[in-house]
Amino acid sequence: DLHSFPTRRSSDLSLKEMRNVILFASVLMLSVATFAQPKAGTFSIKPKVGLNIAYFGESQSINWGTKTSSRIGLAAGLEFEYQIREKLSLSAGAIYSQQGENGEVSDMFYSLKMTAKTDYINFPVLANIYLAKGLALKLGVQPGVNVKAGYSAGDYDDKTGSLSDLGINIKKFDLSIPFGLSYEYDCFVIDARYMLGVVNIVDSPDKTWNRGVQITFGLKFNLKNK
């Protein structure tokens, strides 16, 4: 039962703040010098690493005894990109993504800090629309496979275990809509995207979705050019 764990944020990144993160990243991208746009027919490989600012979105009623906040975790993987036209490309990849949420469960007598650690291998498939040289708007779909569903509790992670031990059963499959911006300079790429989960990730009538911002830095290598 998710009511035994974080159910609503009281100190979390709001959707407005998420948009501000992406807006800030886009301004940063625009401040960098431009470079030559890849030609149609270019096939590229992009190793990347960065971080997630992840949390859960819920439909439950507020549990006043619980405070929650975003979990910051690792994002790392590989994407491939094919330049269809000068201003349009398609990309696909596999990203190891540490997600979940931090929480503080409390009542009149005690307070316990907990972290839900739900890690995924995500497979983003994106259309990249180049608005200017190097600057791309990104939108697509992202299936994901859950590879870890654990928790830690206590100020120093004194206790660890599986979320299923708490009656929280995480489904194996996830699906989200990623959208955001990326900027390329020479072989360097900065990418900021918001991940909007669209399927219930728990085996429970109370629906829960994955949410989060992912910011990564990577390298882009052109392998083929017609």
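A residue counts as buried when its relative accessible area is under 20%, as exposed when that area is over 50%, and as partly exposed in between. Keep this rule at hand for the exercises below, and remember that the structure you are looking at is a predicted model.

**Exercise 1. Decide whether Lys138 is buried or exposed, then find its partners.**

Step 1. The relative accessible area of Lys138 is 2%, so this residue is buried.

Step 2. Now look for a partner of opposite charge. Side chains of opposite charge can pair when their charged atoms come close. Lys138 makes a salt bridge with Asp191, and their closest N and O atoms lie 3.6 Å apart.

Step 3. Place the two residues on the chain. Because Lys138 sits in strand S7 and Asp191 in strand S10, this pair ties together parts that are 53 residues apart in sequence. Asp191 also has a relative accessible area of 2%, so it is buried.

Step 4. Lys138 has a polar partner too: its side chain and that of Asn128 are joined by a polar contact of 2.7 Å.

**Exercise 2. Describe the surroundings of Asn128.**

Step 1. Find the element: Asn128 belongs to strand S6, residues 125-132.

Step 2. Apply the rule from the start. With a relative accessible area of 0%, Asn128 is buried.

Step 3. List the neighbours, leaving out residues up to four places away in sequence. Among those that Asn128 touches are Glu81, Lys87, Leu88, Ser89 and Leu90. Ala136, Leu137 and Lys138 are also in contact with Asn128.

**Exercise 3. Which residues are linked with Lys48 in a network of salt bridges?**

Step 1. Start with Glu79. The side chains of Glu79 and Lys48 form a salt bridge, with an N to O distance of 3.3 Å. This pair links distant parts of the chain, since Glu79 is in strand S3 and Lys48 is in strand S1 (residues 43-58), 31 residues apart.

Step 2. Move on to Asp191. Here the closest N and O atoms of the salt bridge with Lys48 are 3.8 Å apart. Asp191 is in strand S10 (residues 188-197) and Lys48 in strand S1, so 143 residues separate the two in sequence.

Step 3. Check the burial. Lys48 has 10% relative accessibility and therefore counts as buried. Glu79 is buried as well.

Step 4. Put the pieces together. The network links Lys48, Glu79, Lys138, Asp191 and Arg193. For the whole model, the count comes to nine salt bridges.

**Exercise 4. Which strand gives the most residues to the largest nonpolar core?**

Step 1. Collect the members. This core has 12 residues, including Phe56, Val105, Met114, Ala116, Tyr120 and Tyr151.

Step 2. Compare the strands. Strand S5 (111-122) and strand S7 (135-153) each supply at least two residues of the core. S5 gives the most, with three residues.

**Exercise 5. Which strand gives the most residues to the nonpolar patch on the surface?**

Step 1. The patch has about 940 Å² of accessible area together, and its residues include Phe43, Leu78, Phe80, Tyr82, Leu219 and Phe221.

Step 2. Two elements give two or more residues to the patch: strand S3 (71-85) and strand S12 (221-224). S3 gives the most, with four residues.

Step 3. Take one member as a check. Leu219 is in strand S11 (residues 208-219). Its relative accessibility is 31%, so Leu219 counts as partly exposed.

Definitions and conventions. Residues numbered from 1 in each chain as written. Predicted model: local features only at pLDDT ≥ 70, side-chain atom pairs only at ≥ 80, totals over all residues. Heavy atoms only, no water. Patch = residues over 30% accessible without salt bridge, like charges linked within 9 Å, V, L, I, M, F, W, Y side chains within 5 Å. Areas by Shrake-Rupley, 256 points an atom, 1.4 Å probe, with all protein chains shown as cover. Salt bridge = Lys/Arg side-chain N within 4 Å of Asp/Glu carboxyl O. Buried < 20%, exposed > 50% of the residue type's maximum accessible area, 1.4 Å probe, protein only. Core = buried A, V, L, I, M, F, W, Y, C linked by side-chain atoms within 4.5 Å. Polar contact = N/O pair within 3.5 Å; in protein donor to acceptor, adjacent residues only side chain to side chain. Contact = heavy atoms within 4.5 Å.
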